[in-house]
Amino acid sequence: MLNSFGCECTVANDGVEALEIFINNIFDLVFMDVAMPRMDGNECTIKIRQLESLRGSEPITIIGLSGNARKEHKDKGLAAGMSRYIIKPIQKNEIMNIVKSVGAKH
């Protein structure tokens with residue numbers, strides 16, 4: 001879906017890989033699956049926010065993606081530092097609006 005908007009995407013297979021990729025690259029936006037193996041999206045988001053704080057960098061927009069619509073799951077993601085929390089299935093126009101709103105270049 002993101003490729004169809006002209007975005008350049010990097011995909012991680014799990015939370016540990018996502019964190020490693022984030023550490024070694026610069027991104028405009030992160031879509032974070034909440035349910036990932038080895039490290040879930042909430043823990044990965046917390047680690048990204050800690051890293052940003054250590055670096056003194058501006059927080060990147062992190063969009064949490066989950067199939068779980070329960071309020072406590074959304075609250076947990078937002079408390080971890082996610083900028084927004086979206087329930088799957090994801091609508092194409094919603095993703096396009098998010099990409100445009102952060103001014104993603106890729």
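## Asn13, ahead of the first helix

Asn13 is exposed in this predicted model, because its relative accessible area comes to 60% and anything over 50% counts as exposed. You'll find Asn13 in the segment before α1.

If you want a feel for distances, take Asn13 and Thr61: they sit 48 residues apart along the chain, and their C-alpha atoms are separated by 20 Å.

## How α1 and α2 pack

Next up is a pair of helices. Helix α1 covers residues 15-23 and helix α2 covers residues 41-55; their axes are 10 Å apart and meet at an angle of about 20 degrees. Since angles under 35 degrees count as roughly parallel, α1 is therefore roughly parallel to α2. The crossing of α1 and α2 is right-handed.

Who touches whom? On the α1 side the contact uses Gly15, Ala18, Leu19, Phe22 and Ile23, and on the α2 side Cys44, Lys47, Ile48, Leu51, Glu52 and Arg55. Sorted by type, the residues of this contact give seven nonpolar, three charged and one polar.

## Asp33, the annotated residue

Asp33 is the one to look at if you care about annotations: UniProt lists Asp33 for "modified residue: 4-aspartylphosphate", in an unreviewed entry. In the model, Asp33 lies in strand β1, which spans residues 29-33.

Is Asp33 buried or exposed? Neither, quite: Asp33 counts as partly exposed because its relative accessibility is 26%, and the partly exposed class sits between the 20% and 50% cut-offs. Setting aside neighbours within four places in sequence, Asp33 is in contact with Gly41, Leu65 and Lys88. Of these, Gly41 falls within the residue range of α2.

Key
Residues numbered from 1 in each chain as written. Predicted model: local features only at pLDDT ≥ 70, side-chain atom pairs only at ≥ 80, totals over all residues. Heavy atoms only, no water. Axes fitted to C-alpha atoms, helices over the stretch in contact; angles between N-to-C directions. Helix = DSSP H or I, 4+ residues; strand = E, 2+ residues; numbered from the N terminus. Parallel < 35°, antiparallel > 145°, perpendicular 65-115°, else oblique. Left-handed = near helix turned anticlockwise from the far one by under 90°. Contact = heavy atoms within 4.5 Å. Nonpolar A, V, L, I, M, F, W, Y, C, P; charged D, E, K, R; others polar. UniProt positions renumbered as here; feature names shortened; annotations may be inferred. Buried < 20%, exposed > 50% of the residue type's maximum accessible area, 1.4 Å probe, protein only.
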